[in-house]
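Me: I should be grateful for a close look at a single part of this structure. Please treat the chosen part in one connected account, and give the reason wherever a residue is called buried or exposed.

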Amino acid sequence: MIAVFAVGYLIPEHAIIPVQGASKRDWNPSSFWYEPWGRSGVHKGIDIFAPYGRPVVAPVGGIVLFRGDMGMGGRAIIILGPRWRFHYFAHLSQWHVSPLSFVSRGQLIGEVGTSGNAAGKPPHLHYAITSLLPRPWRISNATQGWKRMFFLDPNGVVGGT
């Protein structure tokens with residue numbers, strides 16, 4: 001069992017920005033763990049703004065664990081990638097993958113949209129990363145601070161300009 005976890009950490013991540021043609025100028029880097037943020041209280045990811053229908057690609061290789069409707073997230077996808085990290089994509093207009101399929105880094109998985117609670121707002125991709133293994137040293141006294149042990153700041157994970 002320990003060997004399985006170790007192998008997951010040995011797979012290189014080398015994440016890319018999940019919206020085709022986007023750069024770090026297309027989101028506010030301060031939006032991760034921003035509050036107050038609607039019904040969720042705290043914004044636990046980043047919103048990458050792009051034209052409606054712009055391709056969303058897998059930032060890492062992995063397996064699609066979920067594809068469906070997630071309420072506030074609307075049309076969403078969850079991919080389990082290297083280092084036992086879950087990559088969550090929300091507000092999609094379309095998806096192009098099936099549950100339990102393998103995806104490669106850069107592969108088309110969906111399209112930017114306004115589904116869920118993004119209806120009536122500019123089209124964007126909500127992108128969040130969580131870890132299967134908790135990082136208790138990241139807990140803070142902030143609102144929902146205990147959840148910080150599971151969420152990673154996408155700003156520090158994706159490359160690009």
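The request concerns strand β7 and the loops and contacts around it: which residues does F89 touch outside its neighbours in sequence, and which side chains meet in a salt bridge?

Reply: The account rests on a predicted model. Strand β7 covers residues 85-92, and the description starts with the loop that leads into it.

R83 is located in the loop between β6 and β7. Its phi is near 65°, a positive value in a residue that is not glycine. Most residues other than glycine have a negative phi. R83 is classed as partly exposed because its relative accessible area is 32%, which lies between the limits of 20% and 50%.

In the strand, R85 takes part in a salt bridge. The side chains of E13 and R85 meet there, with a distance of 2.7 Å from N to O, and the structure holds one salt bridge. The pair links distant parts of the chain: R85 belongs to strand β7, E13 to the loop between α1 and β1, and 72 residues separate them. Side chains of opposite charge can pair when their charged atoms come close. Are the two partners buried or exposed? E13 is buried because its relative accessibility of 13% is under 20%. R85 is buried for a like reason, since its value is 7%.

The loop that holds E13 also holds H14 and I11. This loop runs between α1 (2-10) and β1 (34-37). H14 has a positive phi of about 45°, although H14 is not a glycine. H14 counts as exposed because its relative accessibility, 58%, is over 50%. I11 counts as partly exposed because its value is 43%. Together with V7 and L10, I11 makes a nonpolar surface patch of about 310 Å².

Returning to the strand, the next subject is F89. Leaving out residues up to four places away in sequence, F89 touches P18, V56, V57, P59, R75, A76, I77, I79, I109, L125, H126 and Y127. F89 is also listed, with I48, I77, I79, I109 and Y127, among the residues with the most contacts inside the largest nonpolar core, a set of 30 residues. Strands β3 (46-49), β6 (75-81), β7, β11 (124-131) and β12 (151-152) each supply at least two residues of that core. The largest share, three residues, comes from β11. Another core, of five residues, lies apart from it, and A76, I78, Y88 and A128 are among its members. In soluble globular proteins, nonpolar side chains tend to be buried together.

One of the residues touched by F89 is H126, which lies in strand β11. H126 is buried because its relative accessibility is 12%, under the 20% limit. Neighbours within four places in sequence aside, H126 is in contact with H43, G45, I46, D47, Y88, F89, A90 and H91. With D47 there is a polar contact as well: the two side chains are joined at 3.0 Å.

The loop between β7 and β8 (94-95) is the place of S93. S93 counts as buried because its relative accessibility is 3%, under 20%. Not counting residues up to four places away in sequence, S93 touches Y52, G53, R75, E111, V112 and G113. R75 is thus listed in the contacts of both S93 and F89. From S93 to E111 the separation is 18 residues in sequence, while their C-alpha atoms are 5.5 Å apart in space. The side chain of S93 reaches the backbone oxygen of V112 at 3.1 Å.

To draw the parts together: the loop between β6 and β7 holds R83 with its positive phi, and R85 in β7 pairs with E13. F89 has its place in the largest nonpolar core, H126 of β11 has F89 among its contacts, and S93 in the loop between β7 and β8 has a side chain that reaches the backbone oxygen of V112.

Definitions and conventions: Residues are numbered from 1 along each chain as its sequence is written. This is a predicted model: local features need pLDDT of at least 70, side-chain atom pairs count only at pLDDT 80 or more; totals for chains, interfaces and linings use all residues. Side-chain values use heavy atoms; hydrogens and water are left out. Patches are made of residues with over 30% relative accessible area and no salt bridge: like charges are joined within 9 Å, nonpolar side chains (Val, Leu, Ile, Met, Phe, Trp, Tyr) within 5 Å. Accessible areas come from the Shrake-Rupley method with a 1.4 Å probe; for residues, only the protein chains shown count as cover. A salt bridge is a side-chain nitrogen of Lys or Arg within 4 Å of a carboxyl oxygen of Asp or Glu. Helices (H or I, at least four residues) and strands (E, at least two) are DSSP runs, numbered from the N terminus. Buried means under 20% relative accessible area, exposed over 50%, partly exposed in between (1.4 Å probe, protein chains only). Contact means heavy atoms within 4.5 Å. A polar contact is a pair of N or O atoms within 3.5 Å; within protein, one must be able to donate a hydrogen and the other to accept it, and residues adjacent in sequence count only if both atoms are side-chain atoms. A nonpolar core is a set of buried Ala, Val, Leu, Ile, Met, Phe, Trp, Tyr and Cys residues joined through side-chain atoms within 4.5 Å.
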